[in-house]
Amino acid sequence: MEFGLEQDRECIIELEDVRKSFDSQTVLDGVNLKIPAGTTTVIVGASGQGKSVILKHMLGLLKPDSGQVKVFGHDLISCSKAEMREIRSSFGVLFQNVALFDSMSVYDNVALPLRERTHIKEKEIRVAVEEKLALMGLEGQEKKFPAQLSGGMKKRVGLARALMLDPKVVFFDEPTTGLDVNKSNEIYRLFYKTQKQLNYTAVIVSHDVPKIFKLSDYVALMAEARLHGPLSPEAFQLSNDPLIRSFVLETMGPIYSSETEESLLYETF
Amino acid sequence: MKSVTKYIARLGAETMYFCAWYGRLGLFLLTSVIAVLKPPYKLQPVIKQIRFIGANSLYVIIFTGLFTGMVLALQGYYTLNKFGSVGFLGAAVSLSLIRELGPVLAALMVIGRAGSAICAEVGIMRNSEQIDALECMAIDPFRYLIAPKLLASLIAMPLLVCIFDVVGILGGYLVGVHLFDVSAGSYFQGMYKNVVWQDLEMGFVKSFVFGLLMVWISSARGFYLHLERDGGFGAQGVSRTTTKAVVMASVSVLVWDYLVSAIML
């Protein structure tokens, strides 16, 4: 168990010595990670370091060249398609580009998991969809198509779709990329609110540092094809690991430790 | 010596690529057929696809069928007239259409219209992670995306071929009877006497096979767009793959046309 992880919590995702190369480029070189249930783990790092590749391994969209990816105790490499579907039925995913079905309306996008995975009637689906859209502040947008929405609205529709079946684990791939400060805050606010409500485990890939630290229980850095951490946000900022230290300095400037310093940091931008 | 080794290595790489590609195509078809057969059955997506592949192709099928029948009668009259047997015009037009041209031309038209659209649609879904999103939502993309298209094509293609044949025979009638004064009686009598059940059977089998080929190749190329050797990325990747799908499906139709004819003759 890595430093800072709670010993008594059940780990629902475990990556053991995961290696992955694309042609001659090694993207993951022995990645180890344990994600305890009910927590928020953030994977940070510069662009192109393989953060999304780790996420895709957890989702079973990519298979490692070697190593193990265990979700709910099942090894994703050796499990059958039916088992994989069973595991994924507990997932919610907010993709970097949202991946909304562009030929479907907002309503149909959000209703899709219910229509395909449950046997409930259209009347009940309508109630559930409207409730989720209201939670996301998207009332009256049901008939619009993804192309007619702003970036922030698309993310909110994506989040509504991801949370439609009350998942146990939600994966966020760069949830605030391309959004301005207000829209990013809105997404974080919704994340905070829905996690409190649904109590899901969250795995977030982000480079929105230091803002993302506020929402996280654990932070890990992806650099040089390896994962450094996970550590609590405070421990991460004070870490002596040269790569973490260099990342913290590059992205946050001098290390801050108090709310006042943090607010000063925001003001400088 | 070095260039020989390089050549052998390249040959090996090519062979492996093609084996992998055709293996993937085979598995794609198998998985799609299983997805069609597996309950629960949903009618609405199939009807939607029948409308897209079938009903929306009606105009192009009627137009092509009409002019194919007309040109067959035109050329047929010219040839038969040399032998003094214009009475066989009806039989010549209908047999050519039912056994050969109806299924082939209808399939080529549908490949151009619906096959290209299917490949582009599935390819764009692959490129924009929509298929990944389906998988992550525990929704089987084969059941949700491919199976309705496959089933719809198997239903729509034989119907489209029937319409093509009927309209083509009428086109032949227009030219033969109204332009060249072939008697209407001999046109239809020739057809009635010479067209047998086996001819219809061959046309039906071909339309079924071509319907399968159209959806199989178009959707598989779109589905595996990310595995294209020259990169299936972006708009150009989709357009390149769509072109390849249309060419491959069209050529396959002609190859299988010969094979089915050879088996059933």
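**Sheet and helix packing in chain A**

Val170(A), in strand β7(A), stands opposite Ala202(A) in β8(A). The model is predicted, with local features requiring pLDDT of at least 70 and side-chain atom pairs counting only at pLDDT 80 or more, whereas totals for chains, interfaces and linings use all residues. Residues are numbered from 1 along each chain as its sequence is written, and chains are lettered from A and ligands numbered from 1 in the order in which they are written.

β7(A) and β8(A) run parallel and are joined by five bridges; strands (E, at least two residues) and helices (H or I, at least four) are DSSP runs numbered from the N terminus, and two strands pair if DSSP finds at least two bridges between them. β6(A) also runs parallel to β7(A), through four bridges, and here Gly92(A) stands opposite Val170(A). β7(A) is mostly covered, five of its five residues being buried (20 or more other C-beta atoms within 10 Å of the residue's own, with C-beta atoms placed from the backbone). In a regular strand the side chains alternate between the two faces of the sheet. Val169(A), Phe171(A) and Asp173(A) point one way from β7(A), and Val170(A) and Phe172(A) point the other way.

These strands belong to an open, mixed sheet of six, ordered β6-β7-β8-β3-β9-β10 in chain A. Its edge strands, β6 (91-94) and β10 (226-231) of chain A, each pair on one side only. From one strand to the next the twist averages 15°. Helix α1 (residues 51-58) of chain A packs on the sheet, where it touches β3 (40-44), β7 (169-173), β8 (201-205) and β9 of chain A; contact requires C-beta atoms, placed from the backbone, within 7 Å. The direction of α1(A) makes about 150° with that of β8(A), angles running from 0 to 180 degrees between N-to-C directions and axes being lines fitted to C-alpha atoms, for helices over the stretch in contact.

At the β10(A) edge, β9 (residues 218-223) and β10 of chain A pair in the antiparallel sense over four bridges, with Ala223(A) opposite Arg226(A). Helix α8 (residues 242-252) of chain A lies across both β9(A) and β10(A), at about 100° to β9(A).

Helices α3 (residues 106-117) and α4 (residues 122-135) of chain A pack at about 125°, their axes 10 Å apart. The angle therefore makes α3(A) oblique to α4(A) (neither under 35 degrees, nor over 145, nor 65 to 115). Residues of this contact include Tyr107(A) and Leu114(A) of α3(A) and Ile125(A) and Leu133(A) of α4(A).

Key: Contact = placed C-beta atoms within 7 Å. Buried ≥ 20, exposed ≤ 12 C-beta atoms within 10 Å, placed from the backbone.
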